[in-house]
Amino acid sequence: MSEENIQNVEEALVELARDVLVDLYHALSGCTPKAVRVYGEGDALLLLLRFDPTELWGSDELPYEPLIDATFMAFPGMIASAVARRLGHALHPGNLSVSAERGLAVFAFSGLERGRELFASLTPSLASVDTSFAQ
């Protein structure tokens, strides 16, 4: 596979993972996330989700943090499944870190493609998050 094709696969995979995260959050809360950032290096991919905790529960009161953790626990597996189904590339879910107080969730993944690092040439994505689903 040429370097250009490899970069296209990386970009498609990252864009799809980001879009699936945005769509999952929208399905859960009915709102657009505050921000989604994507970082990749070597075989590691991080998706950072900034959210308003009150959007998840419909009140100004800060929700019980373990409930938010549990809510987001299924996201990495769903993101990895969507990537595998649509692009045929394995993305392996890793750790999840959530700070409800700060409205931040970090989803870690790893991806190796035929013995090489999948995200070696990836640059951070700062694309708008409101482009993934129909308004």
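The legends below describe close-up views of a four-stranded sheet, the helix across it and one of its residues in a predicted model.

**View 1. The open sheet and its strand order.** Four strands form an open sheet, in which they follow the order β1-β2-β4-β3 and pair in the antiparallel sense. Strand β1 (35–41) and strand β3 stand at the edges, and because each has a single partner strand, one side of each is left without a neighbour in the sheet. From one strand to the next, the twist averages 15°.

**View 2. The hairpin of β1 and β2.** Seven bridges join β1 and β2, which pair in the antiparallel sense, and within this pair V38 stands opposite L47 in β2. The hairpin has two residues between the strands, and in this hairpin G42 takes a positive phi near 60°.

**View 3. The pairing of β2 with β4.** Strands β2 and β4 are likewise antiparallel and pair over seven bridges, with S110 in β4 as the bridge partner of A44. In the sheet order β1-β2-β4-β3, this pairing links the two inner positions.

**View 4. The two faces of β2 and the helix across the sheet.** In a regular strand the side chains alternate between the two faces of the sheet. Strand β2 has a covered face, made up of L45, L47 and L49, and an uncovered face, made up of A44, L46, L48 and R50. Helix α4 (residues 75–87) lies across β2 (44–50), β3 and β4, and runs at about 45° to β4.

**View 5. The edge strand β3 and its partner β4.** Strand β3 is joined to strand β4 (residues 104–110) by six bridges, and the two strands run antiparallel. Within this pair, S99 stands opposite L104 in β4. As an edge strand, β3 has a single partner strand.

**View 6. N95 in the edge strand.** N95 lies in strand β3, which spans residues 92–99, and touches V106, F107 and A108 when residues up to four places away in sequence are not counted. Although N95 and A108 are 13 residues apart along the chain, their C-alpha atoms are separated by 5.3 Å. N95 counts as exposed because its relative accessibility is 63%, and the cut-off for exposed is over 50%.

Terms used
Residues numbered from 1 in each chain as written. Predicted model: local features only at pLDDT ≥ 70, side-chain atom pairs only at ≥ 80, totals over all residues. Heavy atoms only, no water. Buried < 20%, exposed > 50% of the residue type's maximum accessible area, 1.4 Å probe, protein only. Contact = heavy atoms within 4.5 Å. Pairing = 2+ DSSP bridges. Axes fitted to C-alpha atoms, helices over the stretch in contact; angles between N-to-C directions.
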